Amino acid sequence: MSSLVEDINIRIREAYDILSPVIHHTPLMPSKTLSDMTQGEVLLKLENFQKTGAFKVRGAYYKISKLKQKEGISRVVAASSGNHAQGVAYSASQLGIAATIFMPRYTPFYKVNATKSYGAQVILHGETYDESYRKALEFANAQKMPFIHPFEDPDIIAGQGTIGVEIFKDAHRVDVVVVPVGGGGLISGIAVALKKLNDKIKIIGVQPSGAPAMYLSYKQGKLVETPNVFSIADGVIVKKPGELTLKIMEEVVDDMVLVDDKDTARAVFVLLERAKTVAEPAGALSVAALLSGAIDVKGKRAVAVVSGGNVEPSLLSRIITQTLFVEGRQVKIRGMLPDRPGQLKRVIDVVADLGLNIISIEHERVNPLVAPGLAEVTLGIEVPSREVINLLIVRLKEQGLSFEVV
């Protein structure tokens, strides 16, 4: 292995000793559901149980602790729209150091408030992370304060690499480890740690198809910038990945794949319903890759790193609702009824006879597209299967009621 990888590995060992009394050794939990669905043996490395709700505190604490020890710093600066902000803020507070965090102007309030709750000063600047990042660097240089980069730093990478050490300690026999990827700091650290412990373990990274900068860079062997990005996995949206992390990944990462937002939303839902754990979309990318078939682990023992659980409640609610509809467990039916008493009851009676539960009713009579004397009715219904939906439509038709699935 190169001297760069050897250096990172040495730092990982030091980081593990420093972090062990400070952070959580997070669970490595087997999932029978995911194992059955993938025909492999799937273990979940639950970094959503980490302090601040994500893995970022590992690299941040290690980096800041070294700066304090070597340079006696009193303040640090960072830029982030989420987990890195909280990791830096928490670490600085634990080490008695002030932190100034630059965040985009439209960062969700709960992320801003969480960062402030750890004692950091938050400055909202710019429309995007890139604008916040540039302002933070400018501020750090002007004030002569150290800037804590989210991934392009060997100490940050080493701190994240302690996850790999924990995986190996808890499960020596592992065939594949699947890791969410943004700028590449997490997978670089994990891959170095595990390859040094067992070079037969395959390390595979996952990015959203709407933000594939590191995927393209890895595949093409050069830095690729993607100016137009979008994904619900906002925690890994990076327009331009790191040069340092790409060098490491080219040496120790075996492959990278892409997943779309529908697969990611389904993974969040499955983790919530079957594993009883809350993952943010970025944190669920590894599971999305397994469930979608982007990574085949049939007959293999695989670890899926769930890198964080800081999901906005409103987004989680939308993911749950949409997934229930996509899987046919909730459905909307729409039809026209004569606008007179008792007509809606006829529909409800058919639904009730099938033992189904109505969750919403929309009754529209003033829409100019609806003929006078009629009312458009839309029902949201919980159903056990798609077959029952078809049966419901047939039963309604038998009663002279014409409805269709929306």
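Where is Q39 found? I looked this up at the outset and placed Q39 in the loop between α2 (32-38) and β2 (41-46). I note for every entry below that the model is a predicted one.

**Entry: two residues with positive phi**

I read the backbone of Q39 and found phi near 60°, a positive value in a residue other than glycine. I recorded why this deserved a line: most residues other than glycine have a negative phi. I then looked up accessibility; Q39 stands at 51% relative accessibility and therefore counts as exposed, the cut-off being over 50%.

I made a second such entry for K276. Its phi is positive, about 55°, although K276 is not a glycine. I located K276 in the loop between α11 and α12 (285-292). Its relative accessible area is 65%, so I entered K276 as exposed.

**Entry: strands β3, β4 and β5**

I turned next to strand β4, which covers residues 98-103. Is this strand mostly covered or mostly exposed? I found β4 mostly covered, with five of its six residues buried.

I then traced the pairing of β4. Strand β3 (residues 75-79) pairs with β4 in the parallel sense, over five bridges. Strand β5 (residues 121-124) also pairs with β4 in the parallel sense, over four bridges. I followed I101 in particular: this residue of β4 is the bridge partner of A78, and I101 stands opposite V122 in β5.

I checked the connections as well. β3, helix α4 (residues 83-94) and β4 form a β-α-β unit, which I recorded as right-handed. From β4 the chain crosses through helix α5 (residues 109-117) to β5, and this β-α-β crossover is likewise entered as right-handed.

**Entry: Q86**

I found Q86 in helix α4, the helix of the β3-α4-β4 unit noted above. Q86 has 4% relative accessibility and so counts as buried, the limit being under 20%. I also looked up its separation from H25. The two residues lie 61 residues apart in sequence, and their C-alpha atoms are 18 Å apart in space.

**Entry: helix α3**

I looked up the length of helix α3, residues 56-71. This helix has 16 residues and reaches 22 Å from its first C-alpha to its last, close to the 22 Å expected at 1.5 Å a residue.

Why did I enter α3 as largely enclosed by the rest of the structure? Twelve of its 16 residues are buried, and I drew the conclusion from that count. I listed the buried residues of α3, among them K56, R58, Y61, Y62, K63 and K66, together with V57, A60, I64 and L67. G59 and S65 of α3 are also on the buried list.

**Entry: second largest pocket**

I closed with the second largest pocket, in which about 290 Å³ of space lies. Of the 13 residues that line this pocket, I noted D261, K262, A265, Q322 and T323 as the closest to its centre. The elements that give two or more residues to the lining are α11 (261-274) and α13 (313-326).

Which element gives the most to this lining? I found α13 to give the most, with six residues. By class, I recorded five nonpolar, two polar and six charged residues in the lining of the second largest pocket.

Note on methods
Residues are numbered from 1 along each chain as its sequence is written. This is a predicted model: local features need pLDDT of at least 70, side-chain atom pairs count only at pLDDT 80 or more; totals for chains, interfaces and linings use all residues. Side-chain values use heavy atoms; hydrogens and water are left out. On a 1 Å grid over the protein atoms alone, a cavity is a set of points where a 1.4 Å probe fits but cannot get out, and a pocket is an open set with protein on both sides within 12 Å along at least five of seven lines; lining residues have an atom within 4 Å of a point. Grid points are joined across faces, edges and corners, and a volume is the space filled by probe spheres set on the points. Ala, Val, Leu, Ile, Met, Phe, Trp, Tyr, Cys and Pro count as nonpolar, Asp, Glu, Lys and Arg as charged, and the others, Gly among them, as polar. Buried means under 20% relative accessible area, exposed over 50%, partly exposed in between (1.4 Å probe, protein chains only). Two strands pair if DSSP finds at least two bridges between them. A crossover is right-handed if, with the strands pointing away from the viewer, the path from the first strand over the helix to the second runs clockwise. The expected span of a helix is 1.5 Å times one less than its number of residues.
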